[in-house]
Amino acid sequence: MVDSVFVMPGTVAAPRTGTLRDLHNRYETVREALTLIDKAARELGLPDISTRLIEDAAGERPYSPEVHYLEIFAVSLATYHLLVAEGVEPVAIVGQSIGELWALAVAGHVSVGDAARLAVARSRALTRQAWPGTMLAVGVDGRRAESLAGLIGHPHLVLACENTPRQSVLSGPRRQIDEAERVAEALGWPSVRLDVPHPTHTPAVAQAARDLRASAPRVPYGGGRWRVSSPWLGRDIGDEDPVDLVAGALTAQVRMLHTVRALHAAGADTFIECGEWPVVTRFVEASVPGVQAVVPLSEHDPVAAVRALVASRTDTAPPPARTPAPLRVPASPPAVAPASPVPAPAVVAPPPVATTTPVVPAAPSVLTPPTPVASPVTVDPPQPAPDADRRYATVLAEIRALYGDYLGYPPELLGDDDALESDLGVESLKQVALLGRVADRYGLPDLRANTSLLTVGTLRRIAQAVVQAQGEATAR
């Protein structure tokens, strides 16, 4: 398996209960990794991280940013071990925001325990500063988003992340973000407010960065097995001090778009997300059309999905493995507010998804954590049969119009495969209300009980579920 890049998400949605149960049962390396994270968590006064992820525990665990981060780390680490165990080896690993710390750990540059401790130290430093800012995903390129920040002209309102040609993230004080949101709406630019534990990638959190450098335990850095490409440094990570790396990223701009394109130009043709949701891979798909993007844990059977990927690559007799040249992306200046350029004419772009996700994930790969749903494996509705294609297209168009009207988006900007929670920022209660409207519209009351359409819902899957249910009703 050659030319694959593993991508590590940052502050994405909270993992579902039991999401790692199968991997925990199958792979000794996964069990060992989760044990290390649990040990570090207990030493820091936190509950075991693995319990909710490998059991169908009733109820919700007490939430804290530290638990949230370590759960995301656990999922990323487990997915990495799944891939390696099945014969997939990366030519590089990339992390989004705090995901860069996960990348250092899986690559072997820092230990799992040290990465967990540093993640908690980072979270606590940000909590101590308690900066009352927020983040806004805007469905435009970085230049326009930077112009928007410059127009408002506050030193702490900056372009935090440039994720795709059509999705960027601003970070700044709430009042200035409110202004940016109003201007974006006037220009016809889709935008979504991000609900993240700690807004970052702005000079406003410089105090937290200084605090982290002063208080975090020093972390040994060793030679790793894989190279790690940094979207904020604009190059491969060398022998930098891990604490300085994590602290520096807090105030720096994240340029995922440029990193993905540089890796692809150097030979990478497959990007595999080590997380439960298609977040960073959405950035990849929007930045490099035609590239192969894989999210094993979003599949009904992650192991089978990885094995199929390996088989598809070996069946095509790939050329001898080659390692892309070290990443070199033009360095970007520190995240400081730009001058006040005049915003470019309004350009309507697809909402940010983790590729067009007005959202998300990104810079801190930011996603609104969904309410964990203790549901067994989700099964996608079967693809519509050929004779149902016309009906499916009609239903999809109707549902897109219904969701667009409710959410205030032009329907054409809602992608068929945009995840409602992670890509479009539709919170759980709104999803329930919308699914209820769909059920009422088509007279399908049982649709309300389809929890898989809430946990990993997309317009395509909802339309497929409607057409399938209608077909079953007709057949009775």
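These are my notebook entries on a predicted model, covering its sheet, one buried helix and a few single residues.

**Ground rules**

I number residues from 1 along each chain as its sequence is written. Because the model is predicted, I take local features only at pLDDT of at least 70 and side-chain atom pairs only at pLDDT 80 or more, while totals for chains, interfaces and linings use all residues, and side-chain values use heavy atoms, with hydrogens and water left out.

**Entry 1: the whole chain**

I began with confidence, where pLDDT is the predictor's confidence in each residue, from 0 to 100. The average pLDDT of the protein is 82, and 79% of the residues score at least 70. Residues 317-325 have pLDDT below 50, and this stretch has 16 contacts in the model beyond near neighbours in sequence; contact means heavy atoms within 4.5 Å. Residues 327-381 also stay under 50, and the model gives them 215 contacts beyond four places in sequence. I note for myself that where pLDDT is low, the predicted coordinates should not be read in detail.

Next I looked up the overall make-up. I find 17 helices and 10 strands, taking helices (H or I, at least four residues) and strands (E, at least two) as DSSP runs numbered from the N terminus. Of the 476 residues, 59% are buried; buried means under 20% relative accessible area, exposed over 50%, and partly exposed in between (1.4 Å probe, protein chains only). Among contacts with a separation of 6 or more, 79% come from residues 24 or more positions apart. The exposed surface is about 18,100 Å², and carbon and sulfur atoms supply 54% of it; these areas come from the Shrake-Rupley method with a 1.4 Å probe, and for residues only the protein chains shown count as cover.

**Entry 2: the six-stranded sheet**

I traced an open sheet of six strands with mixed pairing, in the order β8-β7-β2-β1-β9-β10; two strands pair if DSSP finds at least two bridges between them. Its edge strands are β8 (235-236) and β10 (292-294), each pairing on one side only.

I then followed β9, residues 270-273. On one side, β1 and β9 run parallel and are joined by four bridges, with S4 having T270 as its bridge partner. β9 also pairs with β10 in the parallel sense, over three bridges. There T270 stands opposite Q292, and F271 has A293 as its bridge partner in β10. From β9 the chain crosses through helix α12 (residues 280-287) to β10, and this β-α-β crossover is right-handed: with the strands pointing away from the viewer, the path from the first strand over the helix to the second runs clockwise.

Which residues of β9 lie on each side? I see T270 and I272 on one side and F271 and E273 on the other; all are buried, and both faces are covered.

**Entry 3: helices across the sheet, and α5**

Helix α5 (residues 99-106) lies across β1 (4-8), β2 (92-95) and β7 (228-230), at about 150 degrees to β2. Helix α11 (residues 256-265) lies across β1, β2, β7 and β9, at about 170 degrees to β2. For these angles, axes are lines fitted to C-alpha atoms, for helices over the stretch in contact, and angles run from 0 to 180 degrees between N-to-C directions.

Why do I call α5 largely enclosed? Eight of its eight residues are buried, so the rest of the structure largely encloses α5. W102 and E100 are among the buried residues. Their cover includes β1, α4 (65-85), β2, α6 (112-129), β7 and α10 (242-251).

Just before the helix, in the loop between β2 and α5, sits S97. S97 is a residue other than glycine with a positive phi, near 60 degrees, and is buried, at 9% relative accessible area. After α5 comes G108, with a positive phi near 90 degrees.

**Entry 4: three more residues**

- Q292 is in β10 and is partly exposed at 32% relative accessible area. Outside its neighbours within four places in sequence, Q292 contacts D269, T270, F271, L309 and R313.
- A130 is in the loop between α6 and β3 (133-138). A130 is not a glycine, yet its phi is positive, about 55 degrees; at 51% relative accessibility A130 counts as exposed.
- E185 is in helix α8 (residues 174-187) and is exposed, at 64%. E185 and V138 are 47 residues apart in sequence and 9.8 Å apart in space, C-alpha to C-alpha.
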